[in-house]
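Biologist: Could you take me closely through one part of this model, a helix and the sheet it packs against, after placing that part within the chain as a whole?

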Amino acid sequence: MRQLYIDGSWNASTSDESIEVANPATEEIIDRVPAGTPDDVEAAVSAAREAFPAWSDTSAAQRGKLLGHAAELLKQRAESVAATIATDMGAPLGFALKVQTLMPAAVLSSYAQLAESYPRESRIGNSLLVKEPIGVVAAITPWNYPLHQIICKVGPALAAGCTVVLKPSEVAPLAAYALAEILDEVGLPPGVFNLVSGRGPVVGEAMAAHPDVDMVSFTGSTVAGRRVAALAAETVKRVALELGGKSANIILPDADLATAVKVGVANCFINAGQTCSAWSRMIVHRDQYDDAVRLAVEATRKYTVGDPFDEGTRVGPLVSAAQRDRVVRYINRGQEEGARLVAGGTERPRERGFYVEPTVFAAVEPGMTIEQEEIFGPVLAMIPYTSEGQAVEIANATRYGLAGAVWSGSQERAVAVARRLRTGQVVVNGGQFNPLAPFGGYKQSGVGRELGEFGLEEYLEIKSLQL
């Protein structure tokens, strides 16, 4: 069984209980991690608190050097780490390498540079403004991007001069262990980074409620995020939340329909649909709706379900039996409420593994469960509209506001519609993802931003000195 990483060394948990880690493609148990306890959290937070003064006083150049070294080691080990993610999370190997491993390595490298380049002081009149690290950070991360979401928190927190206690998801925790080994190898001082594995209601809640934690950064479901925020409020600590989404892909009548549908389907099914920012709602003008449905069905047929290590696989398994069952319930609910199943369904595509066929629903009306709730699986809801105003209204009419897309033959028109969406990110005519741009949501999609200097600022306090 694995151990916990606390105060610069690997230690046994105070509990003998372990959590099994399954390969979602085979359903086989591949590893075990400790089911951490509140006492383990206490030890980790104490180590982080003790390490904070010296780490926060470390020069920006030294912090940047250590993070840069870690980023280089991660790049060197990318194939091994990607294989780990493909095994314990189920992402196809190519995707696990490019998006789940090399992109986080690039993000970590960006924070190595920002550690040195970000200005910590400025002047306003007779005041000197100073930005200082907030303190001890509790980072609670999900299973769907098990390394990227860790880097998005640990990278900026360490660059800012904070110390960290990390709880990775117990469902897919092995990438976190790979990162811990790298941070240990580069010589991060003891207590600066700590890893406590375990379950959310035990370890996560103990971290969020701990009085010596200055900030909690959480990525996960909106329900769990509410609980984290409530616990953190008792000690008035800073909270950053990156939560759910039900993102809309608006295709305007003058858009290149074939391209917009093709890219929209790809975005919905990426990572087997287990992406908080996935465009899971495709909103198409009624005059083009039937053509769009036909194109979506044709595109879906190309999404081969299979083993993550098979070269032809485009959709791997869902991460767990519980997640597969959740998605199946939503597919059944969609049919019960009158949506028309035009691709996929609830039949198991493989004898073993937690697989779901990529699924497309037509005849989806605003307000249906599959149109409103985050499914977190490869399920696309296609909704017709009759006017641009109605399209925007449908897009904005959920409790979420994380991401979205707009397609038009006119860039100016697309941008105008994008500005009307109440969401944190909008892709315009297929614009490329920018890992330096802020990522986060409106409404119940969260509080705060990650990535780039916006992510770094989450971990800084502002002090003014009147001179």
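Modeller: Among contacts in the protein chain between residues at least 6 apart in sequence, 72% join residues at least 24 apart. The model is a predicted one, and its protein chain holds 15 helices and 20 strands. Of the 467 residues, 57% count as buried. The radius of gyration is 22 Å, which agrees with the value near 23 Å that a compact globule of 467 residues would have, while the C-alpha trace spans about 65 × 60 × 40 Å along its principal axes.

The part I would single out is helix 14, which covers residues 411–419 and has Ala 414, Val 417 and Ala 418 as its buried residues. Viewed down the helix axis, these buried residues fall within an arc of 105°, so they line one face of helix 14. An α-helix has 3.6 residues a turn, so residues three or four places apart point the same way. The face turned away from the buried side carries the exposed residues Glu 412 and Arg 419.

As for what lies over the buried residues of helix 14, the cover includes strand 12 (248–251), helix 13 (388–396), strand 17 (404–407) and strand 18 (427–428). Strands 12, 17 and 18 belong to an open sheet of seven strands, whose order is 14-15-16-13-12-17-18 and whose pairing is mixed. Strand 14 (340–343) and strand 18 are the edges of this sheet, and each has a single partner strand, so one side of each is left without a neighbour in the sheet. Strands of a sheet pair through backbone hydrogen bonds, either parallel or antiparallel. Between strand 17 and strand 18 the pairing is parallel and runs over two bridges, and Ala 405 has Val 427, in strand 18, as its bridge partner.

Helix 13, which is also part of the cover over helix 14, lies across strand 12, strand 13 (281–285) and strand 16 (379–385), and it runs at about 145° to strand 16.

Elsewhere in the chain, a single buried residue may serve as a companion to this view: Thr 163, which lies in strand 8 (residues 163–167), counts as buried because its relative accessibility is 0%. A polar atom of the Thr 163 side chain lies 2.9 Å from the backbone oxygen of Ala 48. Leaving aside residues up to four places away in sequence, Thr 163 touches a set of residues including Ala 48, Ala 51, Phe 52, Trp 55, Val 137 and Val 192.

Methods. Residues numbered from 1 in each chain as written. Predicted model: local features only at pLDDT ≥ 70, side-chain atom pairs only at ≥ 80, totals over all residues. Heavy atoms only, no water. Buried < 20%, exposed > 50% of the residue type's maximum accessible area, 1.4 Å probe, protein only. Helix = DSSP H or I, 4+ residues; strand = E, 2+ residues; numbered from the N terminus. Arc of directions from axis to C-beta. Contact = heavy atoms within 4.5 Å. Polar contact = N/O pair within 3.5 Å; in protein donor to acceptor, adjacent residues only side chain to side chain. Pairing = 2+ DSSP bridges. Axes fitted to C-alpha atoms, helices over the stretch in contact; angles between N-to-C directions. Rg over C-alpha atoms; globule rule 2.2 N^0.38 Å.
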